[in-house]
Amino acid sequence: MKDINNYIETHKERFLVELISLLKIPSISADKTYKKEVLLTADFVMEQLKKAGCDDVELCETPGYPIIYGEKKIDKNLPTVLVYGHYDVQPPDPIELWHSPPFEPVIKNTEIHPEGAIFARGACDDKGQMYMHVKALEYMVNTGNLPCNVKFMIEGEEEVGSESLSWFVPRNIEKLKNDVILISDTGMIANNIPSITTGLRGLSYVEVEVTGPNRDLHSGLYGGAVANPITILSKMIASLHDENNRITIPGFYDHVEELSLEERAEMAKAPFNIEEYKDAIKIGDVYGEKDYTTNERNAIRPTLDVNGIWGGYTGEGAKTVIASKAYAKISMRLVPNQDWKRITQLFVDHFKKIAPKAVTVKVNPHHGGQGYVTPTNTIAYQAASKAYQTTFSKTPIPQRSGGSIPIVALFEEHLKSKTILMGFGLNSDAIHSPNEHFGIWNYLKGIETIPYFYKYFTELK
Ligand code: BES
Ligand code: MN
Ligand code: MN
């Protein structure tokens with residue numbers, strides 16, 4: 001496979017041009033006004049999979065956005081790698097904070113990406129990372145280096161909870177049969193510190209509504225005499241953490257997997273600089289659950305966060321009013337053994353219980369999913385580790401991530417296979433934020449590393 005570097009050198013301009021075309025389509029799954037664009041993106045992915053050498057490519061209809069499925073079978077006695085990714089992206093808001101329009105990709109150099117980075121919504125999450133797999137396949141097919149069978153499954157609803165994929169997977173178990181699932185939709189520590197993601201947190205997402213009086217009231221005529229739903233909601237939210245920043249919902253920690261001191265010591269070996277961490281996001285200090293380090297807080301511990309809170313008058317100038325209603329969106333990140341449906345129920349019960357009589361509370365659960373941990377004592381992990389050793393000349397560090405890809409646990413449940421998370425993004429790439437970007441070096445490094453995974457996995461298998 002020595003020719004991989006030549007192949008990339010020869011074709012890299014085109015690899016970038018194609019990715020830029022993909023990034024230009026605003027496939028925002030959360031916003032129904034972009035339906036046409038999401039569907040166009042599905043078509044684009046389908047065409048590119050055909051061009052890259054998949055023999056059978058299908059657009060699979062679902063109750064929601066289509067799933068693009070493709071495969072290249074070379075020998076039924078050889079193993080099969082199933083690649084998963086998503087072609088939908090997060091909304092770009094707040095749009096005014098972008099330095100260039102989110103769907104007009106531009107290449108700029110940054111301190112961390114001196115070779116240049118592509119700025120666009122979805123550049124890293126996940127169009128850029130998903131497309132590395134399409135280009136890796138193109139290389140393997142064109143040069144006779146595909147060592148095993150491959151299946152692709154690219155969905156368009158990951159950013160809104162993968163509902164259609166949860167419908168699709170149990171209905172297509174035979175079709176999706178594989179020996180390992182390969183995903184690039186996470187990150188690594190730094191360009192000179194490769195890492196393999198070995199864990200994802202679960203998720204429970206809810207929306208709450210607190211209602212006081214039946215209509216907005218004059219805050220002079222009624223102020224002081226009725227409960228203000230915004231004040232009550234703020235108090236209720238504040239009470240969800242105690243003075244040690246532990247979550248106060250009864251039963252919340254019941255099944256939390258506790259890591260041994262050895263495991264925690266092993267985790268602490270990963271390079272991490274707290275001053276750089278603070279400086280990168282301009283905070284005066286870190287904050288979180290007592291007795292845990294920053295890396296533990298954002299990977300092996302469950303959390304509860306308010307994602308948005310609103311109510312009352314937020315327009316220009318002043319309006320003296322006691323709002324009838326106040327709202328918040330709340331997410332909980334979960335760790336192995338916490339069941340997301342149970343946690344959602346615990347939240348609903350607790351939130352209703354702590355509400356004073358002066359208000360009524362509604363809780364609407366959104367989506368959720370289980371966490372996931374990849375074992376490192378498998379052939380698949382060894383193959384991934386060897387692939388990084390080949391292209392980075394360093395052994396990658398196994399590291400659990402705080403993010404969630406809820407569908408991964410579902411894959412294991414229905415397809416009985418393990419997932420390898422080979423992420424090439426960096427935390428500083430600003431996924432979900434304004435000015436999301438993906439390093440060109442990372443993009444090409446991914447394309448270079450992926451074929452080695454196929455090679456070593458097939459050899460070891
Ligand atoms: N690719 C991310 C998840 C991710 C990013 C995991 C970086 C680890 C490192 C994915 O697209 C995502 O944003 N997931 C959502 C959950 C989903 C149900 C909306 C998340 O983590 O908030
Ligand atoms: Mn993603
Ligand atoms: Mn995402």
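So, where does ligand 1 sit? It lies between domain 1 and domain 2, because both of them give residues to the shell around it. Domain 1 here is 4-200 + 371-460, and domain 2 is 203-256 + 302-369. Keep in mind that what you're looking at is a predicted model.

Okay, the shell itself. We've got 17 residues surrounding ligand 1, and the closest are Glu158, Asp185, Arg333, Ser404 and His432. If you sort the shell by character, you get five nonpolar, seven polar and five charged residues.

Now for the polar side-chain atoms, and I'll go through three acidic residues. Take Asp185, which we just met among the closest ones: an N or O atom in its side chain is 2.8 Å from a nitrogen atom of ligand 1. With Asp125, the partner on the ligand is an oxygen atom, and the distance to a polar side-chain atom of Asp125 is 3.1 Å. Then there's Glu159, with a side-chain N or O atom 3.2 Å from an oxygen atom of ligand 1. As for how covered the ligand is: on its own, ligand 1 has 520 Å² of accessible area, and the protein covers 88% of that.

Last thing, a quick look at one lysine, Lys445. You'll find Lys445 in helix H12, which is residues 440-460. Buried or exposed, what would you say for Lys445? Its relative accessible area is 13%, and the cut-off for buried is under 20%, so Lys445 counts as buried. And which residues does Lys445 touch? Leaving out anything up to four places away in sequence, the contacts are Thr391, Phe392 and Phe424.

How values were computed
Residues are numbered from 1 along each chain as its sequence is written. Chains are lettered from A and ligands numbered from 1 in the order in which they are written. This is a predicted model: local features need pLDDT of at least 70, side-chain atom pairs count only at pLDDT 80 or more; totals for chains, interfaces and linings use all residues. Side-chain values use heavy atoms; hydrogens and water are left out. A residue is near a molecule or strand if one of its heavy atoms lies within 4 Å of it. A polar contact is a pair of N or O atoms within 3.5 Å; within protein, one must be able to donate a hydrogen and the other to accept it, and residues adjacent in sequence count only if both atoms are side-chain atoms. Accessible areas come from the Shrake-Rupley method with a 1.4 Å probe; for residues, only the protein chains shown count as cover. Ala, Val, Leu, Ile, Met, Phe, Trp, Tyr, Cys and Pro count as nonpolar, Asp, Glu, Lys and Arg as charged, and the others, Gly among them, as polar. Domain bounds come from an automatic or database domain assignment. Helices (H or I, at least four residues) and strands (E, at least two) are DSSP runs, numbered from the N terminus. Buried means under 20% relative accessible area, exposed over 50%, partly exposed in between (1.4 Å probe, protein chains only). Contact means heavy atoms within 4.5 Å.
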